[in-house]
Amino acid sequence: MTTTGADLFTATLERYGVPYLFGNPGTTELPVMNTLGDSTVEYVLALHEDIAVGMAAGYAKTRAQHAHDDPGINPAGVVNLHIAPGVAHGLGNVFDSSLVGTGAPLVVTAGAHPTDHGYHEPNLGGDLVAMTDQFTKWSDEVKHVDALPTMLRRAFRVALTPPTGPVFLALPFDVMTAETDAATERLGEIPNAGEGDSAAIDRAADRIASAEEPVLVAGDLVGRAGPGAVAAAGRLADAGGLRAHGELKASEVDFPADHASWFGRLPRDQSLTADLLDTDVVVLAGVVSNTTTNPPELELVPPEATTVHVSNHAWELGKNYAADVALLGDPGAVMDRLAGRLEERVPDEEREARRERIARTRRRLRRRGDAGEDGASDPRASDAELAAAMRAAAPDARVVAEAPTSAGALREAWAFEPGQYFANRGGGLGYGLPAAIGSAIAERGRPNPRDVLALIGDGSYLYYPQSLYTAARYDVDLTVVVPDNRNYRILKDNTLRLFGGEEAAYDFVGMDFDPPVDLPANAVSHGANGRLVEDPAAIEDAVAAAVAEPGPTVLDVLTHD
């Protein structure tokens with residue numbers, strides 16, 4: 001029997017257990033759209049291609065957490081975009097999904113002009129492979145229908161193989177309408193990175209055991225490896241008496257939040273980070289770059305320090321800091337074996353002495369802490385008050401965050417479990433709200449679905465408020481909390497940090513929302529519920545009520561800087 005490329009595409013999604021196809025269709029996607037009416041694959045319509053990519057990414061990240069408990073789950077998110085302008089629209093969230101530490105297993109596809117039409121330079125045309133190549137693990141065009149099954153299988157395998165990330169396939173119109181007797185191919189087993197070289201693990205254990213004050217920096221490749229890897233990071237800290245920090249820009253739960261050695265994410269203050277890493281042995285486990293957005297002003301890791309690198313991505317080993325010991329393997333498996341070696345090598349009295357040094361460092365940091373919070377007389381809520389209210393109202397919810405100036409307070413207030421929190425690591429705004437919707441879609445039909453709570457800054461929310469149309473259309477259960485200070489606070493903070501001086505000396509051109517947007521009315525216009533919360537004392541009840549009611553709800557919470 002023969003079938004068309006489009007039918008083969010949809011049949012492959014069905015065979016691989018893909019329940020949703022996210023997208024915004026155009027003419028070049030019609031062959032695929034015409035196959036979906038009788039398919040088990042549900043099409044999820046977004047009103048913008050970048051929203052479709054963000055939803056697929058949030059769905060994939062959440063499904064990847066489910067797959068740690070159920071290996072039968074295929075966590076890949078699949079999205080179909082519309083030729084060159086649609087791909088261009090979607091590149092923002094392809095970029096945000098491409099960062100190695102939080103790479104979502106995404107299969108991004110797009111319709112394209114027929115293969116014999118491109119030389120005419122038709123309207124909407126472009127080199128889709130060149131557009132996507134720098135932000136994907138693999139990017140290609142299917143030039144013949146007989147190649148489609150193998151290339152789809154390869155796309156899924158590359159996306160799903162750790163470190164996970166997006167791939168791209170262009171699907172020309174004539175390829176998708178052509179007939180073939182080719183069949184779908186089985187996906188096969190997805191490999192992991194292994195347990196690491198035993199001799200190298202011994203060398204690492206010797207360096208850590210003989211250290212004066214070893215420090216562990218846990219990165220997002222740990223969180224992506226699952227709860228077992230996070231637990232292994234805690235065991236490593238226990239076995240070696242290591243003080244533990246999260247990497248700069250960390251966006252996952254990478255270390256047990258209630259562990260006695262945990263100090264939280266390394267601070268944005270470069271001098272403080274350099275002080276915390278000024279030691280003799282630094283273990284960088286699952287770390288991605290560990291650098292600042294702007295060029296660092298000083299050495300964050302002292303050049304004379306011994307560094308031990310652990311990663312399932314060879315590119316990250318010794319990338320920004322020379323690796324004295326480089327351990328390539330699954331972060332959880334490697335750390336677990338390394339912890340076992342340290343349990344044998346570090347005497348109990350030395351382990352206890354290291355724990356006392358950790359306690360002294362904690363006391364020193366508390367003394368160095370802020371004297372108080374600015375804006376204490378402001379009637380609007382502080383970020384800390386908002387975080388405490390959200391935690392009290394929905395302690396078991398999964399939190400998706402894109403709030404550059406507010407998310408830190410949330411991480412401080414909440415001892416998140418592995419997989420309970422993820423944020424936008426890439427930094428390009430417009431990821432968080434679609435990703436939260438995708439995360440909530442991934443919870444549908446689960447035995448014990450988790451509530452999804454999104455913390456989306458007002459600037460981030462205003463990128464893609466039409467995301468809520470999709471949430472309302474498909475009756476997605478989601479609560480969106482917008483910390484609304486009515487300005488791009490992160491840009492004002494960066495202005496002061498980069499150029500110095502007092503805030504009153506700057507005009508801050510283009511950084512205020514004046515007049516402000518009526519966010520609740522905007523939410524209602526897209527079919528969601530929307531409410532303004534002005535009283536800090538009312539936040540907890542408002543969040544609890546929003547979580548309890550069905551469908552999407554947006555809470556516009558006025559906050560001060």
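1. Let's start with the second largest pocket, which holds about 710 Å³ of space in this predicted model. Its lining runs to 29 residues, and the ones closest to the centre are Ala67, His68, Pro75, Leu160 and Pro162. If you want to find the pocket by secondary structure, look at α3 (49–69) and α9 (220–225), each of which gives at least two residues to the lining.

2. What is the chemical make-up of that pocket's lining by class? Nonpolar residues number 17, polar ones 10, and charged ones two.

3. On to the enclosed spaces. Searching the whole structure turns up two cavities of 30 Å³ or more. The largest cavity comes out at about 100 Å³, and the second largest at about 40 Å³.

4. The largest cavity has 13 lining residues; nearest its centre you'll find Leu284, Val287, Ser289, His309 and Glu316. Strand β13 (residues 306–311) provides the largest share of this lining, with three residues. Sorted by class, the lining of the largest cavity has six polar, five nonpolar and two charged residues.

5. Which residues line the second largest cavity? They are Asp458, Leu462, Asp484, Arg486, Phe513, Pro516, Val517 and Leu519. Here the split is five nonpolar and three charged, with no polar residues in the lining. Asp484 is worth a second look on your screen, since this cavity-lining residue also falls within strand β18 (residues 478–484).

6. That strand takes us to the sheet. Six strands make up an open, parallel sheet, ordered β16-β15-β17-β18-β20-β19. The edge positions go to β16 (421–423) and β19 (529–533); each has a single partner strand, so one side of each has no neighbour in the sheet. On average, and ignoring direction, neighbouring strands in this sheet are turned by 20 degrees against each other.

7. Within the sheet, have a look at β17 (residues 452–456) and β18 (residues 478–484): they run parallel and are joined by three bridges. To pick out a particular pair, go to Leu453, whose bridge partner in β18 is Thr479. As background, the strands of a sheet pair through backbone hydrogen bonds, in either a parallel or an antiparallel way.

Key
Residues numbered from 1 in each chain as written. Predicted model: local features only at pLDDT ≥ 70, side-chain atom pairs only at ≥ 80, totals over all residues. Heavy atoms only, no water. 1 Å grid on protein atoms, 1.4 Å probe; cavity = no way out; pocket = protein on both sides within 12 Å on 5 of 7 lines; lining within 4 Å. Points joined across faces, edges and corners; volume = space filled by probe spheres on them. Helix = DSSP H or I, 4+ residues; strand = E, 2+ residues; numbered from the N terminus. Nonpolar A, V, L, I, M, F, W, Y, C, P; charged D, E, K, R; others polar. Pairing = 2+ DSSP bridges. Axes fitted to C-alpha atoms, helices over the stretch in contact; angles between N-to-C directions.
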